Amino acid sequence: MPPPQHPPAYPLDVTPRFTTHDQGEIGKGIQAIEPSLGILHDPVGDLKTWVAVGFGIKGLKDLYTALAYLDIVDGKADALADGQNGLHQKVDALSGKLDGLAGTLDGLAGKVDGLSTDLARLTDFLGAVIPQWRTKEEIENGDEMGIAVRSAADLNLVVEFIILQREPGFGHEDVVSIDPPAGTLVAKGSTVKVTLNLEG
């Protein structure tokens, strides 16, 4: 990846606080005074005040350029912080929307549960769902509590038995098959054919 392209005076003029013009103004009001011997020397051996002043002005200009770099870095840090704040605000907004959706889903789940209950009542009123009877006892009396498997009489169904003798894999009075099959919704008073196995 090639390095970023900068204007010729970079970092000056990139930020309005530090410009090429202002850097050029540094040291314009400073005048050299009498030479001071024995402190610094020019190539000839004598210190000229303009040499010391020149070094001082160059140091001030370099400091000015360094401040321009720092100002650019500060601006980028502020922009990054603003971007992170904006991202935090977007995440907070999305979190609020997700909470709202979760509430809506909870409300819908409650409505679906209510509809399921209403459908079960309507089904029970209009018809019956054929249970998964396993024995002749369950057909005639339901399960022990009469809750999970209800009897044919309880469901207002008429049962027509078809008898098989010694069907392999089935015990005495076990249900071999149900027609229509278990789980089918039928009108009350419908006839259900149940095939039973008898051992005797």
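Is Arg166 buried or exposed? With a relative accessible area of 57%, Arg166 is exposed, because anything over 50% counts as exposed. Please keep in mind that this is a predicted model.

**Backbone features in the loops**

Let us stay with Arg166 for a moment. Its place is the loop between strand 2 (158-165) and strand 3, and its phi is positive, about 50 degrees, although Arg166 is not a glycine. As a general background, most residues other than glycine have a negative phi, and most peptide bonds are trans.

The loop between strand 2 and strand 3 also holds Glu173. Here, too, phi is positive, about 65 degrees, in a residue that is not a glycine. Glu173 is partly exposed, with a relative accessible area of 29%, because this value falls between the 20% limit for buried and the 50% limit for exposed.

Moving along the chain, we come to the loop between strand 3 (174-179) and strand 4 (185-187), where Pro180 lies. The peptide bond that leads from Asp179 to Pro180 is cis, with omega near -5 degrees.

Here are the accessibility values for three of the loop residues.

| Residue | Relative accessible area and class |
|---|---|
| Arg166 | 57%, exposed |
| Glu173 | 29%, partly exposed |
| Gly183 | 54%, exposed |

**Gly183 and its contacts**

Gly183, listed in the table, is found in the loop between strand 3 and strand 4. Which residues does Gly183 touch, leaving aside those up to four places away in sequence? The contacts are Val129 and Ile130. There is also a C-alpha distance to note: Gly183 and Gln132 are 51 residues apart along the chain, and their C-alpha atoms are separated by 7.3 Å. Gly183 is nonetheless exposed, with a relative accessible area of 54%.

**Rings and a nonpolar patch**

How many aromatic pairs does the count give? The count comes to zero. A ring does take part in another kind of arrangement, though: the charged end of Lys136 sits over the ring of Phe161, at 5.7 Å from the ring centre.

On the surface, Leu60, Leu63, Leu67 and Leu70 make a nonpolar patch of about 370 Å². One of these residues, Leu63, lies in helix 2, which covers residues 49-126.

Notes
Residues are numbered from 1 along each chain as its sequence is written. This is a predicted model: local features need pLDDT of at least 70, side-chain atom pairs count only at pLDDT 80 or more; totals for chains, interfaces and linings use all residues. Side-chain values use heavy atoms; hydrogens and water are left out. Helices (H or I, at least four residues) and strands (E, at least two) are DSSP runs, numbered from the N terminus. Buried means under 20% relative accessible area, exposed over 50%, partly exposed in between (1.4 Å probe, protein chains only). Rings of Phe, Tyr and Trp (its six-membered ring) pair if their centres lie within 6.5 Å; planes under 30 degrees apart count as stacked, over 60 as edge-to-face and the rest as tilted. A charge sits over a ring if NZ of Lys or CZ of Arg is within 6 Å of the ring centre and within 35 degrees of the ring normal. Patches are made of residues with over 30% relative accessible area and no salt bridge: like charges are joined within 9 Å, nonpolar side chains (Val, Leu, Ile, Met, Phe, Trp, Tyr) within 5 Å. Accessible areas come from the Shrake-Rupley method with a 1.4 Å probe; for residues, only the protein chains shown count as cover. A salt bridge is a side-chain nitrogen of Lys or Arg within 4 Å of a carboxyl oxygen of Asp or Glu. Contact means heavy atoms within 4.5 Å.
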